[in-house]
Amino acid sequence: MSIAARTEGLVRRFDETVALDRVDLEVAEGSVLGLLGPNGAGKTTLVRVLATLLRPDAGRAEVFGLDVVSEAPKVREVIGLTGQFAAVDELLTGRENLRLFGRLFHLPRRAAAARADELLERFDLADAGDRTVKTYSGGMRRRLDLASSLITRPRILFLDEPTTGLDPRSRVAIWGIVRELVREGMTLLLTTQYLEEADQLTDRIAVIDQGRVIAEGTGDELKDSVGASMVQVRLERVADRERARSALLIGGCEEPDHADQAGELTMAAPDGVRTVAAAARALDDAGIGVSDLSLRRPTLDDVFLELTGAHVEVDGHRPEVDAPVGEPA
Amino acid sequence: MSASTAAAEAGPALPATTRVWRAVEDSLVVTGRNLRHFVRQPQLLIFSTIQPIMFVLLFAFVFGGAIEGSLPPGVTYVDYLLPGIFIQAAAFRSTQTAVGLAEDLDRGVIDRFRSMPIARSAVLVGRTAADLLRNVFVTLLMAAVGYLIGFRFRAGPFDAVGAILVVLAFGFVLSWIFTFVGLTVRGAEAAQSAGFVAIFPLVFASSVFVPVRTMPAGLEWFAGVSPVTASVDAARALSIGGEVWDPLVQALAWFSAILLVFVPLCVWRYRRMG
C-alpha cells in the first residue's frame, strides 16, 4: 500500500515552546489515521505543516511524495483541509462560498455552480444554500466547511478536530459524513481529543502529547498494551470500601493505579474471568454487599492515563492534565 | 478526478502565460468576493460615506468663514476644501484595508486560501483592488454632495478626471501600506488603531484643511514634504486651477517609492506567514 502522508523527525517551535518534537508518522493511502491528544499537544501544528500553512523547523513532511515546503503548490492540488474553526465566509451564502472556492480551484463558472449545488444537496444544506453563513448553526458551518474542502475531491483530507464544540446530534451527522468519505476510499488524517471519536472513525491511532507521538497502533493494540483487564465493583455501602479492597486483594486482584468514585473500586484482574470469580467469592466471604461487579477491557482513557498520567477529554469535558490521583475521572 | 488534480499528477509546471492568466483570474475572484462583502455590510458603506460628508459640511460651514481670509483671493473655502476632504477620506478608508485583511486572517479564511492552489498574489491584489473600487464609488458620491453645497471642478472636465485619479492613486498606494499593517498586526481592532495613529497626524499636518504657510515653521516643513500635501495640492490644482506639475511630480514620486517598498514587503510577509 502506498503512503499518502509521511513525516520524518518533524520539529516545529514557537518561541520557547516545542510544538512538534521529532514526529514520525505515516498515513497509508485509503486509511484513516487518528491523531489523539489533549489541547496543545501539537495536533493542529502537525496538520498545518502538512497543509503547507506552516514551515517545519527541522525534519521533513511529504504528501503523496511531494515535499510540503519545496513542492507546496503541488501539495495544495491534492489536499483538502477542514480546520477546527470553520473557515467559511460569514458574509457569503453557503452557495456563494462553495462557488468561490470552486472558482479558486479553477473550475469553469458553470462547473463550479453545479458542484456547489451537488455538495449542498449532499451535506443537507440545500434549503439553507441561499442564506448567509452568519445565520448558520455550528453544525451547519462545519458541514459547509467540510463541503468546501471537497470541491475537487482531494486525495487526502485533513480534518482538524471536526466535531469540537458541536452538540451530540451534529457530531453524529459529521461522523456519518466521515464514514461515507472513508467508504469512498478517501484518505483521512483526523485529529481529535475525543476517545470515542478516535475509536469509532479511525483505523490507526497515534497518541500525541507535548509534541511527541507516544504510542501508535489500532485501538485494540493500544488497549492491549495497557495490559490486564479490570474488575469493576460497585459497593452497596461506601463505608465498605477499605474492607472490599482487602477482600479483592485476597481474591487475586491487584492494586488499581488510579482511584475511582467513593462507592466504586477498579482493580487489575491478571487472570481475567478467573480473578473475577475469586474476587466475587472473597467479597461474599467478607459479607460485603455489591450492587454491580463487572470485568472490562482497558479503554483508551486507561491507555492515555498510563502513557501520560492525564485523562483525555471524554464527551466535552476538558482534559485534566496531571489530574491528581484521587480525583474522580 | 478534476482537471486541476490531474494537472498536479501530470507533474510539469504550468506554462508562464497560463500562470499569469490564473493569477489574474484568482485576483478577480477574490476582488469579487471582497466587493460582495461591502454590499453585505451596508451599514459599513453608509458610515464610511457619511463620515466624509459630515467632514465636508462641518469644515465648510464651521471653519469656512475663518479660513477663507487666508485663501488666495477669489477662492471659496468649499472649493478649497473638497479636494482635501477627498484625500482625507481616502486616507481614513485605507486603514480599512488592514481591518479587512486582519478579519480574514482571524477567521481562518486566509488559511483556507493559502491551503489551496491559488496564486499567492491573489489575496493581496484582491484586497487592494476591491478597496480601490470602493474608493471610486465613495469619491464620486462625495463630489456629488459637494456640488449640492456649491463646489465646482473649475479647471475643466479633463482636469477633474485627473483630480479624481490622483485621489484614487493616493488611496491605492496607502492601502498597500495598510496591507502590510494588516499582515503584521494581529487582530482587526489593533489594525484599526494602528491605522488611525499613523493617519491622523499625517492628514492634519498637511494642506488638507488649511494652507500650510499658516503653520509654525517646523510643522510647515513637515507638511510641505508630506505625501498627503503633495497629493492634496495636485488634486486641488486639478480641481480649481493653480500650479499642477510640481505637486503632481512630487506625489507620483511618493506613490512610486511607497509601492516599491511596500508591495515587496507585503509579498514577503505573506509568503513568510507561518
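# A walk through chain A

Start by colouring the two domains of chain A: the C-alpha centres of domain 1 and domain 2 lie 43 Å apart. Select 3-220 for domain 1 and 228-297 for domain 2; such bounds come from an automatic or database domain assignment. Before going on, note that this is a predicted model, where local features need pLDDT of at least 70 and side-chain atom pairs count only at pLDDT 80 or more, while totals for chains, interfaces and linings use all residues. Residues are numbered from 1 along each chain as its sequence is written, and chains are lettered from A and ligands numbered from 1 in the order in which they are written.

Now zoom out. The C-alpha atoms of chain A fit a box of roughly 80 × 45 × 40 Å along the principal axes. Switch on the cartoon and you get eleven helices and 13 strands in chain A (DSSP runs numbered from the N terminus: helices are H or I with at least four residues, strands E with at least two). Of the 329 residues in chain A, 47% are buried, meaning that 20 or more other C-beta atoms, placed from the backbone, lie within 10 Å of the residue's own.

**First stop: the hairpin.** Select 3-14 and 17-28 of chain A. These are strands β1 and β2, paired in the antiparallel sense over nine bridges; two strands pair if DSSP finds at least two bridges between them. Ile3(A) sits opposite Ala28(A) in β2(A). Two residues separate the strands of this hairpin, and Asp15(A) in the turn has a positive phi of about 50°.

**Next: the open sheet.** Show six strands of chain A in the order β6-β7-β8-β3-β9-β10, with mixed pairing. β6 and β10 (212-217) of chain A are at the edges with a single partner strand each, so one side of each lacks a neighbour in the sheet. On average, neighbouring strands of this sheet are turned by 15° against each other, direction ignored. Pick β9 (204-209) of chain A and β10(A): this pair is antiparallel, over five bridges. Ile208(A) has Val213(A) in β10(A) as its bridge partner.

**Stay there and click Leu35(A).** Leu35(A) belongs to strand β3 (32-36) of chain A. Is Leu35(A) buried or exposed? Leu35(A) is buried, because 30 other C-beta atoms lie within 10 Å. Draw a distance to Ile205(A): the two are 170 residues apart in sequence, yet 5.9 Å apart in space, C-alpha to C-alpha. Beyond its neighbours within four places in sequence, Leu35(A) has contacts that include Lys43(A), Leu189(A), Thr191(A) and Ile208(A); contact means C-beta atoms, placed from the backbone, within 7 Å.

**Two helices side by side.** Select 138-148 and 168-183 of chain A. Helices α5 and α6 pack at about 15°, with axes 9 Å apart (axes are lines fitted to C-alpha atoms over the stretch in contact, and angles run from 0 to 180 degrees between N-to-C directions). That makes α5(A) roughly parallel to α6(A), the word for angles under 35 degrees. Show side chains for the contact: Gly138(A), Gly139(A), Arg142(A) and Leu146(A) of α5(A) meet Ser170(A), Ala173(A), Ile174(A) and Ile177(A) of α6(A).

**Last stop: chain B.** Bring chain B into view: 28 residues of chain A are in contact with 25 residues of chain B. On the chain A side, α2 (72-78), β6 (79-82) and α3 (94-104) are the elements giving two or more residues. Which element gives the largest share of that side? α2(A) does, with five residues.

Definitions and conventions:
Buried ≥ 20, exposed ≤ 12 C-beta atoms within 10 Å, placed from the backbone. Contact = placed C-beta atoms within 7 Å. Parallel < 35°, antiparallel > 145°, perpendicular 65-115°, else oblique.
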